[in-house]
Amino acid sequence: MIRTIILDIGNVLAEYNWKSYLDTFPYPAETKKLLADVLFLSPEWNEFDRGALSHEQLVEMFVQKAPEYEQELKEVLKDVGGCIHQFPYAISWIKSLKEAGFHVYVLSNYGEYMYEHTQKELSFLEFTDGGILSYREKLIKPEPMIYKTLLERYQIHPEEAVFLDDSLPNVEAAKALGIHGIHFTSYEKAVAELETLGVVTG
């Protein structure tokens with residue numbers, strides 16, 4: 001029996017769309033591609049989520065990688081919270097799960113600077129039972145320890161929990177620990193898949 005729902009944030013409860021964010025800047029296409037590669041698609045970004053790098057260190061590292069684009073890099077990183085927009089269903093979904101008797105937690109790779117600059121878009125957090133943001137634990141998905149930390153902290157039995165994430169490797173890592181997993185591709189599909197596990201809301 002499922003008693004606990006564990007939700008990722010990016011592209012599950014809130015849109016994480018760095019491509020659309022980059023498109024708000026009047027840069028040529030080739031510049032945007034370089035910025036995407038240097039910033040959002042870089043291994044350093046994962047370490048930012050881990051909390052291993054401060055915002056200032058991250059900016060410095062990126063500028064070292066592409067010094068000729070220092071101004072553009074700093075402009076994009078300054079308001080990088082613009083990548084995140086809460087989905088309209090986020091709060092009502094969490095509330096309906098809670099009202100149906102389920103515990104709801106979040107488990108997300110999330111950097112500190114991003115967290116500080118997206119408070120409005122994360123208003124759904126107050127309706128959850130808690131959770132883990134990667135920068136606070138110095139751990140990131142799909143590392144097993146971040147899942148184990150969540151299970152231990154909230155005394156969650158893995159066989160009674162289901163984890164939803166838009167990243168298949170993250171879902172597979174949860175399954176390896178005995179947690180039910182759903183690869184999130186849309187809200188409607190996720191609700192239907194949860195119902196097959198007995199997670200039904202009013």
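## A quick tour of the fold and its main pocket

The chain has eleven helices and seven strands, where helices (H or I, at least four residues) and strands (E, at least two) are DSSP runs numbered from the N terminus. With a radius of gyration of 18 Å, close to the 17 Å that the globule rule gives for 202 residues, the chain is as compact as a globular protein of that length; the radius is taken over C-alpha atoms, and the rule is 2.2 Å times the number of residues to the power 0.38.

Some housekeeping: this is a predicted model, with local features needing pLDDT of at least 70 and side-chain atom pairs counting only at pLDDT 80 or more, while totals for chains, interfaces and linings use all residues. Residues are numbered from 1 along each chain as its sequence is written, and side-chain values use heavy atoms, leaving out hydrogens and water.

Along the principal axes, the C-alpha atoms fill a box of roughly 55 × 30 × 25 Å. Buried residues (under 20% relative accessible area, 1.4 Å probe, protein chains only) make up 48% of the 202 residues. Taking contacts (heavy atoms within 4.5 Å) between residues at least 6 apart in sequence, 68% join residues at least 24 apart.

Now for strand 4 (residues 103-108), which has five of its six residues buried. Its two pairings are tabulated here; strands pair if DSSP finds at least two bridges between them.

| Partner of strand 4 | Sense | Bridges | Example |
|---|---|---|---|
| Strand 1 (residues 4-7) | parallel | four bridges | Ile6 with Tyr105 |
| Strand 5 (residues 131-133) | parallel | three bridges | Val106 opposite Gly131 |

Helix 9 (residues 144-153) ties in here too: Ile146, Tyr147, Thr149, Leu150 and Leu151 are buried. The buried residues of helix 9 pack against several elements, including strand 1, strand 4 and strand 5. After helix 9 comes Gln155, with a positive phi near 50°.

Finally, the largest pocket has a volume of about 570 Å³. A pocket here is an open set of points on a 1 Å grid over the protein atoms alone, where a 1.4 Å probe fits, with protein on both sides within 12 Å along at least five of seven lines; lining residues have an atom within 4 Å of a point. The volume is the space filled by probe spheres set on the points. There are 24 lining residues, and Tyr16, Trp45, Asn46, Asp49 and Asn109 are the closest to the pocket centre. Helix 3 (residues 43-50) gives the most to the lining, with three residues. By type, the lining divides into ten nonpolar, nine polar and five charged residues, with Ala, Val, Leu, Ile, Met, Phe, Trp, Tyr, Cys and Pro counted as nonpolar, Asp, Glu, Lys and Arg as charged, and the others, Gly among them, as polar.

Key. Buried < 20%, exposed > 50% of the residue type's maximum accessible area, 1.4 Å probe, protein only.
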